[in-house]
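The following exercises are intended for a reader who meets this structure for the first time. Please study the sequence and the model before turning to the solutions.

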Amino acid sequence: MDTEVSRVDSKTNGTTSRPLPAENTDDVVIDCKINELYYGTFKAVRDTQIPIKKNSITAFIGPSGCGKSTVLRCLNRMNDLVRGFRFQGHVKYRGKDIYDRSIDPVAVRRYIGMVFQQPNPFATSIFNNVAFGLRINKFKGSKIEKVEQALKRAALWDEVKDKLNNSGLSLSGGQQQRLCIARAVATDPEVLLMDEPCSALDPIATRKIEELMLELKNRYTIAIVTHNLQQAQRVADKTGFLYVDTTAGGRTGYLVEYGDSKQMFEDPKEKHTQDYIRGEFS
Amino acid sequence: MSKDNSFSRKELNSADNELVQNPFAGVDFAELELSLYRPRTLFTIILSCLVTVMTFVALIPLFAVLWMLIWRGGQKLSLALFTELPPAPLEQGGGFGNAIIGTVIMVGLATLITVPLGVLTGVFLAQAQDSKLAGGVRFAAKVLTGFPSILAGVFAYGAVVLAMGGFSAIAGAIALSILMLPTIILTSESAIAMVPAKMKEAAIGIGATSAQTALMVLLPTAMPGILTGIMLAVARAAGETAPLLFTALFSNYWIATNGQVELMPGCPSPIRSNSPGQRRWCLFLSS
């Protein structure tokens, strides 16, 4: 059931031979199971198990401080950057636990890319921004083609094709975020993690990025964190609702419910989910 | 209406009737005027004048020096100043061309030594912020910024001049680099720390190693700040004299090319100098 995929790396010289699937297969690309997660002595997340399915969009929703971003960042080992981070559980990418000692976190991030809440292009030209991933992987083929392909996939090519040498910081907020998405897809990762990608954008730019997500879903697997319930309803196939548990005195997040988005929003099973979706607390 | 006694009610004739018709009747606009007859205004004006006068008085030494420089020095300004050697003692004319070349050489050598060392140390300090080693290095750099420059010269004397057997440009460069290094380390660390953390996260999120993040994202973005730090360090080193007293001392001549002393530019003299100090100086530079 594993589709044959080649990444952008020096050995294959950047050919991608990923066929578009005819229908959504049932593969679980990332199986994330967190028993307990700590930042130092602060217990941030407990008892959360979320499968990320292939070629679908999985959304994490929940109130502030419930650990959505923490769980998302676990999926590509970005939490390694935080001091005092440790967790019990496993995150299995295609069956292999990425927190195993033998795994290089840098390599993991080349397969599981991330787009952040605030657009954060580098302070170089648009071309160099998108080509950054190609450069660090020592890509030997034609960079201009890959850059064009990535910018087209991010729906930014038409707007920047004649100003590729302008600074990435000279674009508007929505364009910068699409540039960050182009930068993330330039190396053909398998999974794209998006941490509230539209929260810093105006509604029109948000709409564009949501349409983009629906197109990208055919080619990549996407997991997003969002505060915007309507956005989760519009784009997500599966949704996980996390909530904060204050019973032990701290604020520990945990997964309350996970399922198809339609079913979650129309007829949630758990009471906390019902309260949240109907707006009794945010 | 309030019954404030601070308002002057001298002009108020009747009581509440007038207040109802004219809501400003209780306010004495004469109180609001600026006038020299009021003590508050007078005080303000006197103090402002005093402050201005004191500023000018404080600037007098600066202007005096500048004036002297421009007037007396400008009269003697000429191309010969930068291209000729110093004259014999108690004579007029000549220039300080050799001093300029000497400064360029020594500061250039010191820059070559300190810039790679300092910038890479700055990268380390910005990345490994809380390790004990980083704390120790940062403390040492801060202490060294206040290092007396003549002591740097004495250190270079003991370490380089005695070992090499003579005064030399390289010893001077080493003394200067002791003084330049803390500035470059601290300014490059703060320039790199000012790169927004989200840019660094973006690079790591794409799968860059620490080295790639540092070289391809942090250093280029922090380059303006690092260059400012380098310029500050170079400017300080170019103006130092004390560390050079024990290391390079001075010379009245150009750099010797083949063991001979040039008394005039382009004209090697057959006269050999007999003083041991000058011979050592020539020997080093020609080797």
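Three exercises with worked solutions follow.

This is a predicted model, in which local features need pLDDT of at least 70, side-chain atom pairs count only at pLDDT 80 or more, and totals for chains, interfaces and linings use all residues. Residues are numbered from 1 along each chain as its sequence is written, while chains are lettered from A and ligands numbered from 1 in the order in which they are written.

**Exercise 1. Describe the sheet of chain A and its edges.**

Step 1. Helices (H or I, at least four residues) and strands (E, at least two) are DSSP runs numbered from the N terminus, and two strands pair if DSSP finds at least two bridges between them.

Step 2. In chain A, ten strands make an open sheet with mixed pairing, in the order β5-β4-β1-β2-β10-β9-β3-β8-β7-β6.

Step 3. The edges are held by β5 (96-97) and β6 (112-115) of chain A; each has a single partner strand, so one side of each is left without a neighbour in the sheet.

Step 4. Within the sheet, strands β1 (residues 28-39) and β4 (residues 85-93) of chain A run antiparallel and are joined by nine bridges. In this region Ile30(A) stands opposite Tyr93(A) of β4(A).

**Exercise 2. Characterise the fold and confidence of chain B.**

Step 1. Chain B has eleven helices and two strands, and its pattern along the sequence is α-α-α-α-α-α-α-α-α-α-β-β-α.

Step 2. An automatic or database assignment sets the domain bounds: domain 1 (1-33), domain 2 (42-77) and domain 3 (97-252) of chain B. The C-alpha centres of domain 2 and domain 3 of chain B are 37 Å apart.

Step 3. The mean pLDDT (the predictor's confidence in each residue, from 0 to 100) of chain B is 81, and 79% of its residues reach 70 or more. Over residues 259-276 of chain B the pLDDT falls below 50.

**Exercise 3. Determine what chain B contributes to the contact with chain A.**

Step 1. Two residues are in contact if their C-beta atoms, placed from the backbone, lie within 7 Å. By this criterion, 21 residues of chain A and 14 residues of chain B take part.

Step 2. On the side of chain B that touches chain A, α8 (197-206) and α9 (210-238) of chain B are the elements giving two or more residues. The most come from α8(B), with seven residues.

Step 3. For the complex, the predictor gives an ipTM of 0.79 and a pTM of 0.72.
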